[in-house]
Amino acid sequence: MEKRRQDRVVFRKGRKTVLRPLCSSDVPLLMKWINDPEVQQYILGYLPAGEEAEKEWVKKAAAMNPRGTPMDIVFMIETLSGKPIGTMGLHQIDWKNRNATTGTLIGEKRYWGKGFGTDAKLALLEYAFNHLGLHKINSSVIEYNDRSRMYSLKCGYKVEGRRKSMVFVKGRFWDVVLLGVLKEDFEKIWKLYQKTGNVR
Ligand SMILES: CC(C)(COP(=O)(O)OP(=O)(O)OC[C@H]1O[C@@H](n2cnc3c(N)ncnc32)[C@H](O)[C@@H]1OP(=O)(O)O)[C@@H](O)C(=O)NCCC(=O)NCCS
């Protein structure tokens with residue numbers, strides 16, 4: 001049982017997860033997750049990630065463009081009892097066209113498929129749509145990542161297309177499935193989730 005911390009940082013709280021800012025003490029965990037081949041097969045990273053690279057990534061997670069507006073906003077996902085299990089963020093934020101791309105990595109594999117990703121993603125989308133004023137959030141998934149595609153669909157994303165032979169992994173090329181969610185599609189799911197804890 002993880003300890004509850006009095007000084008806990010909570011940026012957003014869902015039914016199963018908390019989103020909080022990343023901090024430098026997260027670097028060892030990030031290294032563990034990103035270098036794990038079982039995790040890495042689902043993301044685009046392919047190089048060994050050392051301490052300096054991860055420190056830099058944490059710094060860049062709050063990167064500002066020259067006008068001072070963030071292009072990336074990244075969170076640590078924790079369980080309600082305070083265990084860090086992965087990261088989730090908004091990337092390539094386009095403030096003019098009000099869209100962004102999400103990226104998620106639950107590195108603690110025993111938490112896969114138990115609703116933590118869906119819960120954190122809904123909290124992130126609520127922030128993106130209702131607080132940042134974004135209008136559309138995009139995502140892309142390697143074709144064999146059924147879990148990621150399923151959880152995105154649960155959160156309101158729709159498949160918008162497919163880019164053929166985009167990623168070389170495991171000795172061959174794979175397609176990438178393109179997904180997107182509009183604010184109005186998210187809102188129906190969000191209302192239901194708040195009321196019942198279910199998305200359908
Ligand atoms: C993708 C990820 C964020 C999803 O989070 P999660 O907590 O595992 O997902 P959830 O449990 O909320 O939802 C997964 C859904 O997919 C379903 N699912 C799981 N494995 C599946 C499979 N092999 N085929 C089809 N559906 C599957 C689950 O049943 C669940 O749907 P349900 O609630 O209707 O049963 C997480 O698994 C992860 O980080 N994986 C490794 C890295 C990764 O893939 N990142 C995303 C890159 S695009």
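These notebook entries record what I looked up in the structure, from the whole chain down to single residues.

**Entry 1: the chain as a whole**

I noted at the outset that this is a predicted model. I then looked up the secondary structure and found six helices and eight strands in the protein chain. Reading along the sequence, I wrote down the order as β-β-α-α-α-β-β-β-α-β-α-β-β-α.

For the overall dimensions, I recorded that the C-alpha trace spans about 50 × 40 × 40 Å along its principal axes. I also asked what radius of gyration the chain has beside that of a compact globule. A compact globule of 200 residues would have a value near 16 Å, and the protein chain has 16 Å, so the two agree.

**Entry 2: burial, contacts and charge**

I looked up how much of the chain is covered: 44% of the 200 residues count as buried. The exposed area of the protein chain is about 11,300 Å², and carbon and sulfur atoms supply 54% of that area.

I next turned to contacts between residues at least 6 apart in sequence, and found that 60% of them join residues at least 24 apart. For the charges, I noted 36 positive and 22 negative ones. The mean positions of these two sets are 5 Å apart.

**Entry 3: aromatic pairs**

How many aromatic pairs does the structure hold? I found ten. One of the pairs I examined is that of Tyr42 and Trp112, whose ring centres are 5.8 Å apart. Their planes stand at 75 degrees, over the 60 required, so I entered the pair as edge-to-face.

This pair links distant parts of the chain, its members being 70 residues apart. I located Tyr42 in the loop between helix 2 (37-40) and helix 3 (51-60), and Trp112 in the loop between strand 5 (99-106) and helix 4. Tyr42 is partly exposed, at 23% relative accessibility, whereas Trp112 is buried, at 18%.

I then examined Tyr111 and Phe116, whose ring centres lie 5.2 Å apart. The planes of Tyr111 and Phe116 are at 80 degrees, so this pair is edge-to-face. Tyr111 is buried at 12% relative accessibility, and Phe116 is buried at 12%.

I also recorded one aromatic cluster, formed by Tyr42, Trp112, Tyr144 and Trp174.

**Entry 4: Gln41**

I looked up Gln41, and placed it in the loop between helix 2 and helix 3. Is Gln41 buried or exposed? Its relative accessibility is 18%, and the limit for burial is under 20%, so I entered Gln41 as buried.

Setting aside residues up to four places away in sequence, I found that Gln41 touches Ile142, Tyr144 and Lys170. Of these, Tyr144 had already appeared in my notes as a member of the aromatic cluster.

**Entry 5: Tyr127**

My last entry concerns Tyr127, which I found in helix 4 (residues 116-130). Tyr127 has a relative accessible area of 12% and is therefore buried.

Which residues does Tyr127 contact, apart from its neighbours within four places in sequence? I listed Phe11, Arg12, Ile73, Phe75 and Leu132. For Arg12 I also looked up the separation from Tyr127: 115 residues in sequence, but 8.2 Å in space, from C-alpha to C-alpha.

Methods
Residues are numbered from 1 along each chain as its sequence is written. This is a predicted model: local features need pLDDT of at least 70, side-chain atom pairs count only at pLDDT 80 or more; totals for chains, interfaces and linings use all residues. Side-chain values use heavy atoms; hydrogens and water are left out. Helices (H or I, at least four residues) and strands (E, at least two) are DSSP runs, numbered from the N terminus. Buried means under 20% relative accessible area, exposed over 50%, partly exposed in between (1.4 Å probe, protein chains only). Contact means heavy atoms within 4.5 Å. The radius of gyration is taken over C-alpha atoms; the globule rule is 2.2 Å times the number of residues to the power 0.38. Accessible areas come from the Shrake-Rupley method with a 1.4 Å probe; for residues, only the protein chains shown count as cover. Lys and Arg count as positive and Asp and Glu as negative; His and the chain ends are not counted. The place of a charge is taken as NZ of Lys, CZ of Arg, CG of Asp or CD of Glu. Rings of Phe, Tyr and Trp (its six-membered ring) pair if their centres lie within 6.5 Å; planes under 30 degrees apart count as stacked, over 60 as edge-to-face and the rest as tilted.
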